[in-house]
Amino acid sequence: MINERISVAMIGQKRIPSRNGGIEKVLTELCPRLVSRGVIVTAFNRKNQTVSQQDLLPPANNQYMGVQLKSVLTIPIRGLSAMSSSFFGAIEAALGSYDIVHFHAEGPSVMLGIAKIFGKKCVVTIHGLDWKRDKWKGTLGKWYILLGEHMAAKYADEIIVLNMDTKGYFEEKYHRKAHFIPNGVNRVIPEKSYDMLKNFNLEPNGYFLSLSRLTPEKGIHTLIKAFRKTNSDMQLVIAGGLSDSSNYVQYLRDLSKGDNRIIFTGFVGGKVLSELYSHAYVYVLPSSIEGMPLTLLEAMAYGNAVACTNIPELKEIVGDAHALTFDPDDVEGLQRVLQRFLDDPLIQRRMRQSSSDFIQKKFNWNDITDRTISIYYEALSKGK
């Protein structure tokens with residue numbers, strides 16, 4: 001029996017509301033929009049999830065903009081927190097009066113079978129092929145994530161992917177239809193002030209900006225090596241928090257020694273982040289693996305010129321005229337791109353003029369919300 005209003009349980013995020021983490025940022029934007037269209041949404045957050053000081057404030061009364069928030073039992077041990085929270089979340093969702101259980105990412109989808117046993121319709125969003133990440137190579141974690149991928153491919157009522165490359169992957173490997181629904185971006189007003197930049201001794205239009213978690217697949221080591229070869233007083237700002245990769249972060253700091261143009265800010269948010277986006281000369285994303293990076297969408301929404309790798313997931317976003325691209329892990333290629341921006345400011349100005357309107361028309365949250373609801377109805381119609 002389908003409720004008059006669709007009731008959805010969200011599983012796989014650390015917590016919402018949050019500005020720290022791709023899935024968390026997506027659901028912080030998407031869930032309230034679903035509620036505004038009449039969907040009843042409950043987000044199963046990890047219990048006692050640590051909140052960054054610069055993250056969004058914890059919501060009051062277990063609600064966030066109409067989204068019901070529930071904390072599920074979580075084992076606070078590295079490698080077990082995600083598994084345990086998705087396990088207990090799936091049990092609670094399976095026993096609850098939810099029409100749809102919406103799993104996010106491949107790992108949490110291992111628990112999809114629990115919801116299916118209790119007759120729930122299940123939707124899975126694949127935010128990226130997580131087993132490709134360097135941190136999982138040669139580990140049981142890779143096997144576990146691949147198991148979640150297989151579970152999603154075999155048992156999910158509907159699958160959502162964030163880029164056409166992943167859509168093709170599921171169709172070719174599993175002969176499974178997947179719906180392409182990208183992430184969205186909010187309309188922003190660039191900051192005119194630059195008071196926060198002074199905390200890092202930065203000047204408007206005087207720095208390259210890269211914002212990501214500091215993990216190997218994000219390619220920050222390639223960026224540092226390439227930047228150090230450029231001939232300029234331009235600075236390089238590397239903004240982002242840790243992600244179980246303290247050895248890699250130390251490696252990045254060692255690579256940067258002796259070049260005082262390179263600045264590590266740590267995690268940033270709020271007005272600091274807005275000013276960094278607003279006044280960057282060029283935004284750089286040197287990733288070798290991506291799903292659909294919200295940081296790139298946000299940077300372009302602020303009107304940034306872009307340098308990024310030519311992997312399909314990023315080319316799909318920037319198109320042919322809104323970025324200069326290079327091969328992943330290609331230090332010389334990235335150096336040439338950075339130097340070209342430095343030597344020809346007209347390229348930077350031309351991209352700044354066009355990128356904001358382009359990205360906001362292409363990745364609209366309202367359209368994305370409507371398409372997500374249509375997937376829920378497709379899932380509910382199966383087996384009727």
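## Strands β3, β4 and β2

Strand β3 (residues 63-64) runs antiparallel to β4, and the two are joined over 2 bridges. This is a predicted model, so every value below is a computed one. Within the β3 and β4 pairing, Q63 stands opposite Q68 of β4. The two strands make a hairpin with 2 residues between them, and M65 in its turn adopts a positive phi of about 50°.

Strand β4 (residues 67-72) also pairs with β2, here in the parallel sense and over 5 bridges. If you follow β2 to F44, you will find K70 as the bridge partner of F44 in β4.

## Aromatic pairs

How many aromatic pairs are there? The count comes to 11, taking ring centres that lie within 6.5 Å. A pair of aromatic rings is described by the distance of the centres and the angle of the planes.

F44 comes back here with Y98: their ring centres are 5.9 Å apart and their planes meet at 75°, so this pair is edge-to-face. The pair links distant parts of the chain, with F44 in strand β2 (residues 40-46) and Y98 in the loop between α2 (81-95) and β5 (100-104), 54 residues apart. Are F44 and Y98 buried or exposed? Both F44 and Y98 are buried.

Next come F208 and F227, with ring centres 6.2 Å apart and planes at 80°, so this pair is edge-to-face too. Because F208 belongs to strand β9 (residues 207-211) and F227 to helix α6, the pair ties together parts that are 19 residues apart in sequence. F208 and F227 are both buried. Elsewhere, ring pairs link a cluster made of W131, Y169, F170 and Y174.

## Helix α7 and its surroundings

Which residues of helix α7 (residues 246-256) are buried? They are Y248, V249, L252 and S256. Looking down the axis of α7, these buried residues fall within an arc of 100°, so they line one face of the helix. On the face turned away from the buried side, α7 carries the exposed residues S246 and N247.

The cover over the buried residues of α7 includes α6 (220-228) and β11 (262-266). Helix α6 is already familiar as the home of F227. R253 offers a charge over a ring: the charged end of R253 sits over the ring of F264, 4.6 Å from the centre of that ring. Just after α7, G258 takes a positive phi of about 90°.

Technical notes:
Residues numbered from 1 in each chain as written. Predicted model: local features only at pLDDT ≥ 70, side-chain atom pairs only at ≥ 80, totals over all residues. Heavy atoms only, no water. Buried < 20%, exposed > 50% of the residue type's maximum accessible area, 1.4 Å probe, protein only. Helix = DSSP H or I, 4+ residues; strand = E, 2+ residues; numbered from the N terminus. Arc of directions from axis to C-beta. Contact = heavy atoms within 4.5 Å. Phe/Tyr/Trp six-rings, centres within 6.5 Å; stacked < 30°, edge-to-face > 60°. Lys NZ or Arg CZ within 6 Å of the ring centre and 35° of its normal. Pairing = 2+ DSSP bridges.
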